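Good morning, colleagues. Please turn to the structure on the screen, and I shall take you through it step by step.

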Amino acid sequence: MKFLVTVMLALVLLTLESVFVQQAGLVLGRVDVTVVLVAFLALRASLTEGACSAFAVGYLLDLMSGQPTGLFTFLAVFTFLVGRLVASFVDVRGPVAFALFAMGADLGHALLSTFFTWLTLKDGSTAPQLSGMPVQLALTGVAALLLFPLFKRFEVAQERPAGLLR
């Protein structure tokens, strides 16, 4: 996927996610659509395009989340790089395999996010909240199943036939 398409898709998905979470009344969980997008980039994008897109997606999540600045930017690029490494060992072709891949990426992303947030708390006695993680992983898996055909369609639309005149 191209950079601008990825950024616009991330904006739309983040907006839909925030509306869905608010309307569903989810207090303990959320849908991590940005991690699903970064996981797809790890599987299909080149290193430069994917890293730049993951940076932009993480930055948008930083802007919309209210967490410490730079946390999700770093985690998105880190998730992309680890996803590329894992993708070299695992074959992810279908929607179910992609959903499992995205859930694994979300697990690592959520654990690191919780850890780094816990490090920045002023009150060291407050333990990180991990109780909503199973709901978040399940919702992210469902989102990955639903978004996989859309991502594939964008990927096919962005491909250009090889040739000098095109």
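The protein chain contains six helices and zero strands. Please keep in mind that this is a predicted model. Following the sequence, one reads the pattern α-α-α-α-α-α.

Some overall figures come next. The protein chain has 166 residues, and 39% of them count as buried. Its exposed surface is about 9500 Å², with 69% of that area supplied by carbon and sulfur atoms. If we take the contacts between residues at least 6 apart in sequence, 73% of them join residues at least 24 apart.

I turn now to the aromatic side chains. How many aromatic pairs are there? The count comes to eight aromatic pairs. Let me begin with F40 and F98. Their ring centres are 5.8 Å apart and their planes stand at 85°; the cut-off for this class is over 60 degrees, so the pair is edge-to-face. This pair links distant parts of the chain, since F40 belongs to helix α2, residues 33–44, while F98 belongs to helix α5, residues 95–119. Along the sequence, F40 and F98 are 58 residues apart. Are these two residues buried or exposed? Both F40 and F98 are buried.

A second pair is made by F115 and F116. Here the ring centres lie 5.5 Å apart, and the planes meet at 55°, so the pair is tilted. As for accessibility, F115 has a relative accessible area of 40% and is therefore partly exposed, given that this class runs from 20% to 50%. F116, at 27% relative accessibility, likewise counts as partly exposed. Both residues also belong to a wider group: F74, F78, F115, F116 and W118 form one aromatic cluster.

The next topic is internal space. A search of the whole structure for cavities of 30 Å³ or more finds one. The volume of the largest cavity is about 40 Å³. Which residues line the largest cavity? The lining consists of T34, V35, V38, V57, G58, L61, F72, A76 and H109. Three helices each supply at least two residues of this lining, namely α2, α3 (47–65) and α4 (71–87). Sorted by class, the lining has six nonpolar residues, three polar residues and no charged residues.

Let me close with two individual residues, beginning with T73. This threonine lies in helix α4. Why does T73 count as buried? Its relative accessible area is 8%, and the class requires a value under 20%, so T73 is buried. Setting aside neighbours within four places in sequence, T73 is in contact with F55, G58, Y59 and D62. One of these, G58, was named a moment ago in the lining of the largest cavity. L61, another lining residue, has its C-alpha atom 7.6 Å from that of T73, and the two residues are 12 apart along the chain.

The other residue is S113, which is placed in helix α5. At 12% relative accessibility, S113 counts as buried. Beyond its neighbours within four places in sequence, S113 is in contact with L71, F72 and L75. Of these partners, F72 also appears in the lining of the largest cavity.

Thank you for your attention; I am happy to take questions.

Note on methods
Residues numbered from 1 in each chain as written. Predicted model: local features only at pLDDT ≥ 70, side-chain atom pairs only at ≥ 80, totals over all residues. Heavy atoms only, no water. Helix = DSSP H or I, 4+ residues; strand = E, 2+ residues; numbered from the N terminus. Buried < 20%, exposed > 50% of the residue type's maximum accessible area, 1.4 Å probe, protein only. Contact = heavy atoms within 4.5 Å. Areas by Shrake-Rupley, 256 points an atom, 1.4 Å probe, with all protein chains shown as cover. Phe/Tyr/Trp six-rings, centres within 6.5 Å; stacked < 30°, edge-to-face > 60°. 1 Å grid on protein atoms, 1.4 Å probe; cavity = no way out; pocket = protein on both sides within 12 Å on 5 of 7 lines; lining within 4 Å. Points joined across faces, edges and corners; volume = space filled by probe spheres on them. Nonpolar A, V, L, I, M, F, W, Y, C, P; charged D, E, K, R; others polar.
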